[in-house]
Amino acid sequence: MWYVVQVRTGTEESIRQQCEKQIDENVLEGCFVPYYEEQRRMRGKWTTLRKVLFPGYVFVITGEAEELYKKLKMITGLTKLLGTGREIVPISEDEQTFLRKFCGKEQVAVMSEGIIEGSQVRVTSGPLLGMEGYIRRIDRHKRKAWLEMELFGRKQTIQAGLEVVARR
């Protein structure tokens with residue numbers, strides 16, 4: 001099962017490393033921070049950067065939720081495990097499927113490409129392919145798209161790299 005751990009924004013990678021070092025492999029099957037790629041113009045050249053897809057969240061995979069909860073209390077900087085009150089709730093199968101499709105095995109959502117036809121965006125390649133309905137805003141100059149979707153029991157706005165190569 002996949003669970004979401006809430007941490008202080010900016011400490012995601014250090015928390016992930018602490019979890020991997022301090023928690024036994026038989027309790028913690030996996031721990032990751034999903035990223036997305038975006039392009040920025042630096043010194044006249046386009047550079048690809050990796051940014052945290054869900055700032056303030058670390059994902060953990062375990063079959064031993066109660067044991068993991070006890071071990072996570074030893075991690076410095078941890079805020080809480082997402083759940084309902086005192087019960088720890090894993091993310092849904094649909095959310096897991098979305099994350100696997102969107103981020104791939106490396107947990108990085110690479111740049112997507114698309115075109116604008118009239119006032120509609122049509123993504124031609126990348127993880128945003130088929131997700132045009134979730135796109136709420138596009139900034140062609142920053143090569144970025146903002147998506148709004150239901151994740152972790154609440155409405156989330158996430159960013160993803162999108163290069164619009166043509167307008168028709």
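Let me begin with Lys-155, which, if we leave aside its neighbours within four places in sequence, is in contact with Glu-148, Met-149 and Glu-150, contact meaning heavy atoms within 4.5 Å. Before going on, I should say that this is a predicted model, in which local features need pLDDT of at least 70 and side-chain atom pairs count only at pLDDT 80 or more, whereas totals for chains, interfaces and linings use all residues. Residues are numbered from 1 along each chain as its sequence is written, and side-chain values use heavy atoms, with hydrogens and water left out.

Lys-155 has its place in strand S14, residues 154–167, where helices (H or I, at least four residues) and strands (E, at least two) are DSSP runs numbered from the N terminus. Its relative accessible area is 59%, so it is exposed; the cut-offs are under 20% for buried, over 50% for exposed and partly exposed in between, with a 1.4 Å probe and protein chains only. One of its contacts is also a salt bridge, since the side chains of Lys-155 and Glu-148 meet at 3.8 Å, N to O, the criterion being a side-chain nitrogen of Lys or Arg within 4 Å of a carboxyl oxygen of Asp or Glu. Glu-148 itself is partly exposed, at 28%.

What about Gln-156, also in strand S14: is it buried or exposed? At 11% relative accessibility, Gln-156 counts as buried, and, beyond its neighbours within four places in sequence, it is in contact with Tyr-57, Leu-147, Glu-148, Met-149 and Leu-151. As general background, side chains in a regular strand alternate between the two faces of the sheet.

Strand S14 also takes us to the interior, because a nonpolar core is here a set of buried Ala, Val, Leu, Ile, Met, Phe, Trp, Tyr and Cys residues joined through side-chain atoms within 4.5 Å. The largest such core has 29 residues, and those with the most contacts inside it are Phe-54, Phe-59, Phe-98, Phe-102, Leu-128, Leu-147 and Ile-158. Two or more residues come from each of S1 (2–7), S5 (57–61), H3, S13 (144–151) and S14. Apart from this core lies another, of 20 residues, among them Ile-15, Leu-28, Ala-65 and Leu-81.

Helix H3, residues 93–103, is also the place of Gln-96, which is buried, with a relative accessible area of 5%, and which, outside its neighbours within four places in sequence, is in contact with Trp-2 and Ile-91.

Turning to the strand pairing, where two strands pair if DSSP finds at least two bridges between them, S3 (residues 35–42) and S4 (residues 45–52) run antiparallel over eight bridges, with Gln-39 standing opposite Thr-48. These two strands form a hairpin with two residues between them, and Arg-43 in the turn has a positive phi of about 55°. S3 also pairs with S9 (residues 108–109), this time in the parallel sense and over two bridges, Tyr-35 having Val-108 as its bridge partner.

Finally, which residues does Glu-117 meet in salt bridges? One is Arg-122, the closest N and O atoms being 3.4 Å apart, and another is Arg-168, at 3.9 Å, N to O. Because Glu-117 lies in strand S10 (residues 112–117) and Arg-168 in the segment after S14, the latter pair ties together parts that are 51 residues apart in sequence. Glu-117 is partly exposed, at 32%, whereas Arg-168 is exposed, at 63%. In total, the structure holds nine salt bridges.
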